[in-house]
Amino acid sequence: MSRVHFVGAGRMGLPMIERLVEGGHDVHVLARHDDARAAVEKISAVAVGDITGIGIDAELVVVCVFTDEQVRQVCLDGGVLGRMPRGSTLVVHTTISPRTVETLAAAAEPYGVAVIDAAVSGGPHDIAAGALTLFLGGTDDAVAAVTPVLKSYGDPVLHVGTPGSGQKVKLVNNALFAAEIGLLAEAAELGRQLGVDEAALFSALPHGSSSCKVMGNIAMRGSVSEFRSAVGEFLTKDVAVVRAAVSELGGDLGVLDTAIDAHTR
């Protein structure tokens, strides 16, 4: 059993917390408001009313908020890193810039705290099934130490390199995901030009050599536009993060950028 402190009991965080509790871990969760406290206590986790209670005596602190700024507010401005014991580990699930990971790792070093960026691919249904994909960036020892805990909701849990590497893999994943939607929108348009019904097209193509996971999801929805509507809120945010981070790191999306643009048409 591990002592886990968790920040971010939202759409993704709450089912993670539930899986951690079911796995026998001692889970303390930041819950500032009555409704959040009720949701946390309903799944038998311990509600913590103030950020100053997060980090003390924790073996593992998990952060699953929405933006770089929120991660910095929690870990740096909120003093979480300074309260964590030497030898403990900070795990960040939020999709953030690799530069933010570097900032956290540098800030954590004097405290003897390891930082792992654990970017995720999947949704709440994957968490509930214990099948969320995790891309981990961190040292071998730190990753080995936290993997058994993260397997409460993650499978596969993939160590992809040094701190920041998890976010970089997620950036490529998200760029490709958005580009595939764009390409499939173009494919649907080609089908229309040829007189093929879109629903019929995407019920057939998943059985062909062009099949991909995104195509299967579109087939279930019946059209590109329906699938795009379902993921639009998160897709818009993720594409913005991809473009900002790639620019910051001096990269070039190349033809992926053209395909990403196609998904909005």
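In this predicted model, the second largest pocket is lined by 15 residues, and those lying nearest its centre are V7, G8, A9, L30 and R32. Two elements give two or more residues to this lining, namely α2 (34–42) and α3 (68–77), and the largest share, three residues, comes from α3. The space in the second largest pocket amounts to about 320 Å³, and its lining, sorted by class, consists of eight nonpolar, five polar and two charged residues.

The largest pocket has a volume of about 1400 Å³. Its lining is made up of 41 residues, of which R11, S121, G122, G123 and F234 lie nearest the centre. The elements that give two or more residues to this lining are β6 (114–121), α6 (124–128), β7, α8 (165–193), α10 (213–221) and α11 (224–248); of the elements, α11 provides the largest share, with eight residues. By class, the lining of the largest pocket holds 17 nonpolar, 15 polar and nine charged residues. As a general point, empty space of this kind is revealed by rolling a probe the size of a water molecule over the atoms.

R32, which is among the residues nearest the centre of the second largest pocket, also takes part in a contact between parts of the chain that are separated in sequence. G49 and R32 are 17 residues apart in sequence, yet their C-alpha atoms are 4.7 Å apart in space. When neighbours within four places in sequence are left aside, G49 is in contact with L30, A31, R32 and R37. G49 is found in the loop between β3 (46–48) and β4 (60–63), and this residue counts as partly exposed because its relative accessible area is 38%, which falls between the limits of 20% for buried and 50% for exposed residues.

The loop between β3 and β4 also contains D57, whose phi is near 65°, a positive value in a residue other than glycine. With a relative accessible area of 52%, D57 is over the 50% limit and therefore counts as exposed. A positive phi in a residue other than glycine is found for S44 as well, with a value near 70°. S44 is found in the loop between α2 and β3, and its relative accessibility of 58% is over 50%, so that S44 too is classed as exposed. For comparison, most residues other than glycine have a negative phi, and most peptide bonds are trans.

The peptide bond that joins D155 and P156 is cis, with omega at about 10°, and P156 is found in strand β8. Strand β8 (residues 154–161) pairs with strand β7 (residues 132–137) in the parallel sense over five bridges, and the bridge partner of L132 in β8 is G154. Between these two strands the chain passes from β7 through helix α7 (residues 140–150) to β8, in a β-α-β crossover that is right-handed.

Towards the start of the chain, S2 is found in the segment before β1 (3–7). S2 is buried, because its relative accessible area of 16% is under the limit of 20%. Not counting residues up to four places away in sequence, S2 touches H25, D26, E59 and V149.

Note on methods. Residues are numbered from 1 along each chain as its sequence is written. This is a predicted model: local features need pLDDT of at least 70, side-chain atom pairs count only at pLDDT 80 or more; totals for chains, interfaces and linings use all residues. Side-chain values use heavy atoms; hydrogens and water are left out. Helices (H or I, at least four residues) and strands (E, at least two) are DSSP runs, numbered from the N terminus. Buried means under 20% relative accessible area, exposed over 50%, partly exposed in between (1.4 Å probe, protein chains only). Contact means heavy atoms within 4.5 Å. Two strands pair if DSSP finds at least two bridges between them. A crossover is right-handed if, with the strands pointing away from the viewer, the path from the first strand over the helix to the second runs clockwise. On a 1 Å grid over the protein atoms alone, a cavity is a set of points where a 1.4 Å probe fits but cannot get out, and a pocket is an open set with protein on both sides within 12 Å along at least five of seven lines; lining residues have an atom within 4 Å of a point. Grid points are joined across faces, edges and corners, and a volume is the space filled by probe spheres set on the points. Ala, Val, Leu, Ile, Met, Phe, Trp, Tyr, Cys and Pro count as nonpolar, Asp, Glu, Lys and Arg as charged, and the others, Gly among them, as polar.
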